[in-house]
Amino acid sequence: MTSVTQQRKAFKGTAQIKLSNDRLQLVFSFVGKRHYLSLGLHDTPINRKVAEAKARQIELDMLSGYFDATLAKYRPEPLPTAVTPILTPISAAVPQVRTLTSTELWQQYTNYKASQLKETTRLYHESFDRLFVKLGDVGVDEALKVKAGLEKITTLHYTKRSLGQLSAACKWAMKHGILAHNPYEGMANEMPKHAYQLDPKPNAFTEVEREQVIRAYVEDTRPGFTYQHYASIVTFLFFTGCRPSEAIGLQWKHVSAEFDLIRFETSITTCGRGKALRMEGSKTNRKRSFPCSPRLQALLKSIRPSSPRPDDLVFPSPTGKVINYNNFCNNAWKRVVNEIKPGTTPYCCRDTFITMQILKGTPAMVIAQWCDTSVDMIQKHYADQMKLLSLRPID
């Protein structure tokens, strides 16, 4: 994530927030001695608020004469569990119950999970950090209030995803004795389904439509910025059935000198605030080789630079950078392809390749290896659909 960490020197009487080993740290001077206090927290919006509060407390104590030279007073305390008794000054015998907030639960959950997750998943979690900070201090057990608050500050799509994430956090909290029940159980499923859940069937192009799409990119001459540049990656997607992230991350070192074999070993995903991350292996953490058809070989030969470096991208953006998949979908894809077949995404190229290979008699086991999927998935979502469409009513 983009850090707003202060890198300037900490002046006398002030505590500055810095990053050290990807953790938040407070730096300050007192009575001529330099102090470095590691908080042990990742740089997230929620954790930064904790660091800012600690920094202000240190500054106030230095000014008022209550500074704790051992620093124990300023180290982060464990977050409260679901019900933490706080004794009131009126009577020590009457406890006041403070409820764990949804933001505090989320902080505990993501800090615990951080070391176990891929970078893409960690950045995905950070997108919810900002939402929960904006939501404010709502008790984790006030599920309806949390849902209503989320609906005011974000879309239904992200509200549903947020409730699902909170449910996962509650399950983790129950496992570790932090919560007694999960108030978000089933809430996400009660909301309207996403489009991909309503119609999970493959959405393949016909062979005629496929050629129309490729030709539309090749011949795109709209005034201003044209989309001809993307003709090669769209053709590649149609004739390999690979995932868009795999095509975007493909480098020339992954293409054989004879253009007859491609190694899908990495992928590039855009996460967080547009940050491109290269990941080893596929979505399923596997690597595979793909034999090129004559048409695919001709494509690769036609776009290969005279002497590319091994790490150069096969399909860079028009400016020579990594293609941003979301921008590509929302602009280049929709503006060109919607005129031919509305309601599709670049993933439909994968559906098209698999469907056409089935119709041409390629064994499902071979297709599964080429496309990094399973025979069961092909038979359930592609082969059975083809059989159904081939049947006709009896007069």
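In helix α11 (residues 294-303), the buried residues, meaning those under 20% relative accessible area with a 1.4 Å probe and protein chains only, are Leu-296, Leu-299 and Leu-300. Seen down the axis of α11, these buried residues fall within an arc of 95 degrees, so they line one face of the helix; the arc is that of the directions from the helix axis to the C-beta atoms. This is a predicted model, in which local features need pLDDT of at least 70 and side-chain atom pairs count only at pLDDT 80 or more, while totals for chains, interfaces and linings use all residues. Residues are numbered from 1 along each chain as its sequence is written, and side-chain values use heavy atoms, with hydrogens and water left out.

**Surroundings of α11**
- The face turned away from the buried side of α11 carries Pro-294, Lys-301 and Ser-302 as exposed residues, exposed being over 50% relative accessible area.
- The buried residues of α11 pack against α9 (231-240), β6 (261-264) and β9 (288-291).

**Packing of α9 and α13**
- Helix α13 (residues 348-359) and α9 pack at an angle of about 40 degrees, with their axes 6 Å apart.
- That makes α9 oblique to α13, since angles under 35 degrees count as roughly parallel, over 145 as roughly antiparallel, 65 to 115 as roughly perpendicular and the rest as oblique.
- The contact (heavy atoms within 4.5 Å) involves Val-234, Leu-237, Phe-238, Phe-239 and Thr-240 of α9, together with Cys-349, Thr-352 and Phe-353 of α13.

**Cysteines**
- The structure holds zero disulfides, a disulfide being a pair of cysteine sulfur atoms within 2.5 Å.
- Cys-329 is in no disulfide, and the nearest cysteine sulfur, that of Cys-348, is 9.8 Å away.
- Cys-329 counts as buried at 13% relative accessibility, and Cys-292 counts as buried at 12%.

Notes: Helices (H or I, at least four residues) and strands (E, at least two) are DSSP runs, numbered from the N terminus. Axes are lines fitted to C-alpha atoms, for helices over the stretch in contact, and angles run from 0 to 180 degrees between N-to-C directions.
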